[in-house]
Amino acid sequence: MAQAQGLGKKYFKAFLKGFFVAVPVTVTFLDRVACVARVEGASMQPSLNPGGRQASDVVLLNHWSIRNYDVQRGDIVSLV
């Protein structure tokens, strides 16, 4: 019984270490490199959500290109 508690404590410590490393890395990646967003509504038709369907499209927002001023004609830019 005591060995099982020690084993559980070991796995809990390993989980916390991984959690406290993974969360800041993930937040930094989503803030600086890229993130995933949903496009809903008719504002971007016909490029996104074609045909007037009610489902939403999922897009990858590239933060890296904006930080390097690498925007070309024809690119879709999202402003918040």
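**Ala34**

I started at Ala34, which is buried at 9% relative accessibility in this predicted model. I placed Ala34 in strand β1. Leaving out residues up to four places away in sequence, I found Ala34 touching Phe29, Leu60, Leu61, Asn62 and His63. I also looked up a longer hop along the chain: Ala34 and Trp64 are 30 residues apart in sequence, and their C-alpha atoms are 6.9 Å apart in space.

**The chain as a whole**

Next I stepped back to the fold. How many helices and strands does the protein chain have? I noted two helices and two strands, and their order from the N terminus is α-β-β-α. Helix α1 covers residues 2-32, and strand β1 covers residues 34-39. Strand β2 takes in residues 57-62, and helix α2 residues 63-67.

Then I checked the overall dimensions. The radius of gyration of the protein chain is 21 Å, whereas a compact globule of 80 residues would come out near 12 Å. The C-alpha trace spans about 65 × 35 × 15 Å along its principal axes. I wrote down that 9% of the 80 residues count as buried. The accessible surface comes to about 7,200 Å², with 62% of that area belonging to carbon and sulfur atoms. As for contacts between residues at least 6 apart in sequence, 46% of them join residues at least 24 apart.

**Arg38 and Asp57**

Back to strand β1, where I picked Arg38. Is Arg38 buried or exposed? Arg38 has a relative accessible area of 57%; the cut-off for exposed is over 50%, so Arg38 counts as exposed. Not counting residues up to four places away in sequence, Arg38 touches Ser56, Asp57 and Val58. I also took one C-alpha distance here: Arg38 and Ala55 are 17 residues apart along the chain and separated by 10.0 Å.

One of those contacts led me to Asp57, which lies in strand β2. Asp57 has 15% relative accessibility, and because buried means under 20%, Asp57 goes down as buried. With residues up to four places away left out again, the residues Asp57 touches are Ala37, Arg38, Val39, Leu48, Asn49 and Pro50. Ala37, Arg38 and Val39 from that list fall within the residue range of strand β1.

**Ser65**

I moved on to helix α2, where Ser65 sits. Ser65 comes out at 19% relative accessibility; the limit for buried is under 20%, so Ser65 still counts as buried. What does the side chain of Ser65 meet in a polar contact? I found the side chain of Asn62, at 3.0 Å.

**The nonpolar patch and Val23**

On the surface I looked up a nonpolar patch made of Phe12, Phe15, Phe19, Phe20, Val23 and Val27. Together these residues have about 630 Å² of accessible area. I placed Phe12 in helix α1, and Val23 is found in helix α1 too. Val23 is partly exposed, with a relative accessible area of 36%. For a long separation I tried Val23 against Asp75: they are 52 residues apart along the chain, and their C-alpha atoms are separated by 31 Å.

**The salt bridge**

Which side chains meet in a salt bridge? I found Asp31 and Arg32, at 3.8 Å from N to O. The count for the model comes to one salt bridge. I checked how open the two partners are: Asp31 is partly exposed, with a relative accessible area of 42%, and Arg32 counts as partly exposed at 41%.

**Tyr69**

My last stop was Tyr69, in the segment after α2. Tyr69 has a positive phi of about 55 degrees although it is not a glycine. I flagged this because most residues other than glycine have a negative phi. I also noted that Tyr69 is exposed, with a relative accessible area of 75%.

Methods. Residues numbered from 1 in each chain as written. Predicted model: local features only at pLDDT ≥ 70, side-chain atom pairs only at ≥ 80, totals over all residues. Heavy atoms only, no water. Helix = DSSP H or I, 4+ residues; strand = E, 2+ residues; numbered from the N terminus. Buried < 20%, exposed > 50% of the residue type's maximum accessible area, 1.4 Å probe, protein only. Polar contact = N/O pair within 3.5 Å; in protein donor to acceptor, adjacent residues only side chain to side chain. Patch = residues over 30% accessible without salt bridge, like charges linked within 9 Å, V, L, I, M, F, W, Y side chains within 5 Å. Areas by Shrake-Rupley, 256 points an atom, 1.4 Å probe, with all protein chains shown as cover. Salt bridge = Lys/Arg side-chain N within 4 Å of Asp/Glu carboxyl O. Contact = heavy atoms within 4.5 Å. Rg over C-alpha atoms; globule rule 2.2 N^0.38 Å.
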